[in-house]
Structure formats: structure tokens, C-alpha cells
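Visitor: I would like a close look at the ligand site, and then at what its elements do elsewhere. Keep it brisk, please.

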Amino acid sequence: MSEALAFDPSSAFDPWSPEFAADPYPGYAELRERGRVHWFAPSRQWLVPRYDDVRALLRDRRLGRTYLHRFGHEEFGRSAPPDWHEPFHTLNDNGLLDLEAPDHTRLRRLVSKAFTPRMVERLAPYVHRTADELVTALLADGGGDLVATVAEPLPVAVIAEMLGVPAADRGLLRPWSAAICGMYELNPGEDTARAAVRASAEFSAYLRHLIAVRRAEPGEDLISALIAAYEEGDRLSEQEMVSTCALLLNAGHEATVNTTGNAWLALFRHPEQLTALRADHSLLPGAVEELMRFDTPLHLFERWVLDDIEVAGVHLPRGSEVALLLGSANRDPARFDRPDALDLTRPDVPHLSLGAGIHYCLGAPLARLELAAVFGALLRRAPGLRLAAEPEWKPNFVIRGLRELLVEAG
Ligand code: HEM
């Protein structure tokens, strides 16, 4: 038996415990030190904690986010999900993120045609204005919960604006997104699945209605651009359009909320770094990258092994599942000097928080715009902002963030 298999990773990796979710980094350090790949029996996955391996496997085409483009469930040694999960799977499995080539290639090309740098540029004034308004409202109250009042509303408003969701309907989006994202945690329970299935059915019906409205009355929004691509003869089914719009909300939302909360907690915990940033706002673009590295909001991405691979001498046969630990990779001392230090002036921050390879985050320019807008507004308008209470982490580990972040205007 190889050394990697002799170590029981359960001692270091405890994804269902709130303590681990609150601070997974010591556990990651132990996993990295003990080996490159570890069998984790409770989720039947191979854990991969080191930077070079995570980066290489994200790009390795022998792995996939799905296997259904090549194999049936049984052929792949897995059981099909229960029938009542169908609304969730129809919505989830037809979006860009859960497809592989050739469907992924076709859809990514199409969505990139609609979700262009020009579309992001066009949104910039709206993003900055909204960030300013939210921060102003927080300060008018002398402070409050930064997550609920600033971090959460901004990405939802931006995606709603981008998709052309009318203002009156925007309150619907966040609960749908939160319910669907529950399914991305490890081994979600039945209540989580029921909530996700209900939200998937409601959100799908809503998006079909919105597509019909935009078809009759096109606007400047992304749905109108996707309809135009569809009508120009590019192949994009209505289900793919619905699934991709839902993905933009889900992918573009939770991660941005949690990055904002996690980053400001990190800044409060490193006052010398916050002081340096307040003194020199030109550090902001580099600071956003370092903060994404230091405490990434998305910790684990799964891949199926489609063709046998070998990692560190361990044979992973077709049908295995690999858990790529992005949060651990970003703290790997083999890639980052003093990885547990927050250093906003780090010259080179090739973090993996936005992924790598064919599924690399399509929304990365928008995410960076939103983070720079909200951080900029907080730096300019709230130069004395400080932590008002010790925050609490949500118990979830995969999409990891704070329940609330209470701040005072100072
Ligand atoms: C800080 C915020 C964000 C983080 C940390 C993040 C992270 C990621 C990661 C790690 C992936 C790759 C997943 C994988 O390889 O399995 C991804 C994919 C994706 N992200 Fe983001 N994301 C963020 C914001 C956004 C935003 C704002 C949008 C759009 C509104 C967005 C849209 C997408 C889409 C559509 C994909 C799928 C791309 C594909 O499969 O080709 N993301 N994101």
C-alpha cells in the first residue's frame, strides 16, 4: 500500500463539522503534508490538496464535470438520481458548467458571444452606482451587517440587470439561488434536495416566461442577446438558455457574496494590511487577487475520472470521483511564499479561486468589477469601518462564507 493510502484523511478533513468550515486551513496543511492524494471514504472521493495537482487536474481532459456525455449511470458504476430530483437535474445538467465537449464548446462560444467584455463594460456604471448606494445606506445606519446590506444585494442586482429581470421580481432570485446551491454541498440531505427541486421548477418557469417576453420585446440584456444568437441559427435550445441563465445567477452570486464577506473579515483581522490599503487605493486590484487567494469562497470542485489516471503513483480508475481542494491549493507553500500570510503587495498571485481549463470562470471580469466596486466604495466612504462583533461562519464548507459580518462606521 502506498504511503498516501496509509493515512486516514478523516482526521484532518472533516467537511461536515462547523469547526472545520470555520477554519479548514490547518486540516488542509496536514493533508498536503501527508500526501498528494487521499481516499476519503465518507464521500467516496479522492481528495487532492496540492496546488500543482489541482491545477493540472482542472485542465486534464480525462476528467469531466459530468460523465453522461459518454456513459450511462450504471455503465459508470453509479446509480441514477431519484426521479423526483428531475427538475433540479434538468436545470442543472443543461447549463454550461455541467456539460463537456462538444456541447460545452458550442454553448461556451455562444454564451461568450452574448456575455462580452462590452456587456461587462456597459454594466460598470450600474455596478459602481449600486455599490455606492448600498455602502451609503449602511453608513446612514452607523453600520450593520455588511453581508446582508452590501455583499448580498450587489451581485443579485447586477445579475438581474444583466439578465433584464424587472425590478419588481428581483426579490425572487436570491432565495431560488440559495436553495439550488444547497445541492452543491457534499452529500446533501433530503430537505435540501426538496428545496432545490422546488426552486428549480419555479425558477425554470420564471425564466421561460422572461424569455417569451424578451422574444416579443428585445432589450439590451443578455437574454435578448442569447435569443438573437438562437435566431441567427446557432444551436442553443430553450432548455440550454434557461439553464445557462440560472447558472449565471447561481455561479455569479453566492461566490461573490462570500468573497466580499470573507475578504473584509480577513482585512479586519490584518489591520496593518487594511491600513496600507486605506493609505494607497492603487493597491486595490492586487489586493482583490490576494484576498481571493487567502480565503476563497469555493473550496471543492468535483470531477469524474472518465479514463484511468495516475496521481502520485496511485491508480484512479474510470468511475472514480476526485475532489479538487481549491482552498488548500491556494495555501500551498510549494507555490506561494508564506501562504498563510495576507500580503496585499504580493507580486504574483496565480490563485485557483476562479478555476482553470475549459470551465475557467466565465464571469471572472464581472466578479473582479463587482469586488473592486464594492471594496472601492467601502474604502472611500467608510475609512474608519471596523468589526463590531465576532462573526460566525455558515456550517457549509464547499461554498464557504459568513452568516453575518457586523461592522461599525467608526
Ligand atoms: C468571486 C466570484 C466568483 C468565483 C470565486 C467564481 C469561481 C468559479 C469557478 C472556480 C468556476 C469553475 C468551476 C469548475 O471548474 O468546476 C467558475 C465557473 C463559472 N463561473 Fe464563476 N466565479 C465567480 C463569479 C462569477 C460571476 C460573477 C459569474 C457570472 C455572472 C460567474 C459565472 C461562471 C460561469 C458561467 C461558469 C461556468 C463556466 C464553464 O463551465 O465554462 N462566476 N466560477
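Guide: Start with a definition: two strands count as paired if DSSP finds at least two bridges between them. The model is predicted. In it, β3 and β5 pair in the antiparallel sense, over 2 bridges. Gly64 stands opposite Trp304 of β5. The wider sheet is open and has 5 strands. Their order is β1-β2-β8-β5-β3, and the pairing is mixed. β1 (38-40) and β3 (63-64) are the edge strands, each pairing on one side only. Strands of a sheet pair through backbone hydrogen bonds, either parallel or antiparallel.

β5 leads us to the ligand. This strand, 300-305, supplies at least two residues of the shell around the ligand. So what makes up the rest of that shell? At least two residues each also come from α6 (103-114), α13 (238-269) and α17 (364-381). The largest share belongs to α13, with 7 residues. In total, 28 residues surround the ligand. By class, 17 of the shell residues are nonpolar, 8 are polar and 3 are charged. The closest residues are Arg65, Arg108, Arg303, His359 and Cys361.

Next, the polar pairs at ligand oxygen atoms. Arg303 places a polar side-chain atom 2.6 Å from a ligand oxygen. For Arg65, an N or O atom of the side chain is 2.7 Å from an oxygen atom of the ligand. His104 also has a polar side-chain atom 2.7 Å from a ligand oxygen.

Now the metal. Which protein atom is a donor to the iron atom of the ligand? Cys361 is the single donor from the protein, through SG, at 2.3 Å. Cys361 sits in the loop between α16 (326-329) and α17. That loop leads into α17, one of the elements that supply the shell.

Two of the shell elements return at the cavities. Rolling a probe the size of a water molecule over the atoms shows where empty space is left. The whole structure has 2 cavities of 30 Å³ or more. The largest cavity holds about 100 Å³ of space. Its lining consists of Phe88, Leu91, Asn92, Gly95, Leu97, Asp98, Ile180, Tyr184, Ser243, Ala246, Leu247 and Asn250. Two or more of these lining residues come from each of α5 (86-93) and α13. α13 gives the most, 4 residues. The lining of the largest cavity has 7 nonpolar, 4 polar and 1 charged residues.

The second largest cavity has a volume of about 30 Å³. Val150, Ala151, Leu154, Pro155, Thr256, Thr260, Glu370, Leu371 and Val374 line this second cavity. Four elements give at least two residues each: α8 (146-151), α9 (153-163), α13 and α17. Here the largest share, 3 residues, comes from α17. By class, the second lining divides into 6 nonpolar, 2 polar and 1 charged.

Back to the helices, then. α13 supplies the largest share of the ligand shell and gives the most to the lining of the largest cavity. α13 also supplies at least two residues to the lining of the second largest cavity. α17 gives at least two residues to the ligand shell and the largest share to the second lining.

Technical notes: Residues are numbered from 1 along each chain as its sequence is written. This is a predicted model: local features need pLDDT of at least 70, side-chain atom pairs count only at pLDDT 80 or more; totals for chains, interfaces and linings use all residues. Side-chain values use heavy atoms; hydrogens and water are left out. A residue is near a molecule or strand if one of its heavy atoms lies within 4 Å of it. A polar contact is a pair of N or O atoms within 3.5 Å; within protein, one must be able to donate a hydrogen and the other to accept it, and residues adjacent in sequence count only if both atoms are side-chain atoms. Ala, Val, Leu, Ile, Met, Phe, Trp, Tyr, Cys and Pro count as nonpolar, Asp, Glu, Lys and Arg as charged, and the others, Gly among them, as polar. Donors are N, O and S atoms within 2.8 Å of the metal (3.2 Å for Na, K and Ca); water is not among the atoms, so sites may look incomplete. On a 1 Å grid over the protein atoms alone, a cavity is a set of points where a 1.4 Å probe fits but cannot get out, and a pocket is an open set with protein on both sides within 12 Å along at least five of seven lines; lining residues have an atom within 4 Å of a point. Grid points are joined across faces, edges and corners, and a volume is the space filled by probe spheres set on the points.
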